[in-house]
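Welcome! Please take a look at the sequence and the 3D structure, and keep them open while you read this short briefing.

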Amino acid sequence: MSRSEPRPAQPISLRNVTKRYPAMELPAVADFSMEIEAGEVVAFVGPSGCGKTTTMKMINRLIEPTSGTITIGGEDVGGLDPSALRRRIGYVIQQIGLFPHMTIAQNIGLIPKLLGWSKPEIAARVDELLSLVDLDPATFASRYPRQLSGGQQQRVGVVRALAADPPVLLMDEPFGATDPITRANLHVEFLRLQQEIRKTIVFVTHDFTEAVRLGDRIAVLGPQSRVVQFDTPSAILGAPADDYVASFCGTAPSLSSLGLLPVSAADLLPAGGGHADGPTVRPEDSLRDALDALNRSRAEYLTVVDGTGRAVGLLDYPTLRDCLHRNDALEAIGGGA
């Protein structure tokens, strides 16, 4: 495969993975098993100390598992050189971790350089990735991290992890240190980016709202990374497995409405008939799906289409607000107009 061709996402399998530390009576992670599909975003959610970050770090062997098997694309990571493995897995952390003495271009090109890419290949990749997150290469490539805002630095941190086009991306509370407005904007960028790159992503967060916003599936974890419930956001919001999971859902009550109300519940604006040219949504899709589509497309409205593709109405942010009867329901997940 040439470097101009995108590397396809790969599934991740964790089977009976356990991590024990000598000074601890109980394991930090006990008998963890999970199958993650290629190209999906799985969010690990749980309280501090439950083992979610430890579990994620065992995927790229920043923490070595005591027992169990982890495979990526069917290949056992335990048999690989740890350094070579990490160069194949993107990794984004809350502190961003950009090297202050390197330019943005040098930061992004670091892993490709270690992998032996040529200078023209690296330069082309830097330009491609900066453009992907709406940072003009001519303006930002030669700057240093201190010359960028926090949100711009975080976007660079994400694309640096994508520089060598890894099939898997690990993200450890990557937006946790940003202010609410910046975080909301980064969520929009993340959703748009994933639409284009379709990587397999494991996303650790303590923020259930963020997990619902970004995850295709959510793993609610208890002590020792015990999987209490692993399902889609709408399924978890609609039917929490127990009171423990329900306590997470209760931190974002408005999200329950977003995930469970269909587009047809909104008072749609007239569409004028015909077929849609811009972004579309179906009457049976959820309002959360509609909000995500609005954010990804940055459009003023969506066209609601029936099974034949005929426009039956328009849906915009004010209509969503009216439907939910709570202005802060959208602002809580970054959907303000």
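What follows is a friendly tour of one helix, two unusual backbone angles and several charged side chains. Please keep in mind that the model is predicted. The structure holds nine salt bridges, and some of them appear below.

**A helix among its neighbours**

- Helix α7 covers residues 150-161, which makes twelve residues.
- From its first C-alpha to its last, α7 reaches 17 Å, close to the 16 Å expected at 1.5 Å a residue.
- Eleven of the twelve residues of α7 are buried, so the helix is largely enclosed by the rest of the structure.
- Among the buried residues of α7 are Gly151, Gln152, Arg155, Val158 and Ala161.

**Two residues with positive phi**

- Aspartate 165 has a phi near 55 degrees, a positive value in a residue other than glycine.
- You can find aspartate 165 in the loop between α7 and β7, a strand that spans 168-172.
- Glutamine 224 also has a positive phi, of about 65 degrees, although it is not a glycine.
- Look for glutamine 224 in the loop between β9 (217-221) and β10 (227-231).
- Glutamine 224 counts as partly exposed because its relative accessibility is 25%, and the partly exposed range lies between 20% and 50%.

**A salt bridge between distant parts of the chain**

- Side chains of opposite charge can pair when their charged atoms come close.
- Aspartate 165 appears again here, as its side chain meets that of lysine 199 in a salt bridge of 2.4 Å, N to O.
- This pair links distant parts of the chain, 34 residues apart: aspartate 165 sits in the loop between α7 and β7, and lysine 199 in the loop between α8 (180-197) and β8 (200-205).
- Are these two partners buried or exposed? Aspartate 165 is buried, with a relative accessible area of 13%, and lysine 199 counts as buried at 3% relative accessibility.

**A salt bridge within a helix**

- Arginine 125 and glutamate 128 meet through their side chains in a salt bridge of 3.1 Å, N to O.
- These two residues are three residues apart in helix α5 (residues 119-132), so about one helical turn separates them.
- Arginine 125 counts as buried at 12% relative accessibility, whereas glutamate 128 is partly exposed, with a relative accessible area of 47%.

**A network of charges**

- Arginine 282 forms a salt bridge with glutamate 284, and their closest N and O atoms are 3.9 Å apart.
- Salt bridges that share partners join Arg282, Glu284 and Asp285 into one network.
- Arginine 282 counts as partly exposed at 43% relative accessibility, while glutamate 284 is exposed, with a relative accessible area of 54%.

**A buried charge without a salt bridge**

- Aspartate 172 lies in strand β7.
- Which side chain of opposite charge is nearest to aspartate 172? That side chain is lysine 57, 4.7 Å away.
- Aspartate 172 is buried yet has no salt bridge, because a salt bridge needs the nitrogen and the carboxyl oxygen to be within 4 Å.
- The side chain of aspartate 172 does make a polar contact of 3.3 Å with the side chain of threonine 53.
- Leaving aside residues up to four places away in sequence, aspartate 172 touches several residues, including Thr53, Met56, Lys57, Tyr91 and Val204.

Technical notes
Residues numbered from 1 in each chain as written. Predicted model: local features only at pLDDT ≥ 70, side-chain atom pairs only at ≥ 80, totals over all residues. Heavy atoms only, no water. Helix = DSSP H or I, 4+ residues; strand = E, 2+ residues; numbered from the N terminus. Expected span 1.5 Å × (residues − 1). Buried < 20%, exposed > 50% of the residue type's maximum accessible area, 1.4 Å probe, protein only. Lys, Arg positive; Asp, Glu negative; His and termini not counted. Polar contact = N/O pair within 3.5 Å; in protein donor to acceptor, adjacent residues only side chain to side chain. Contact = heavy atoms within 4.5 Å.
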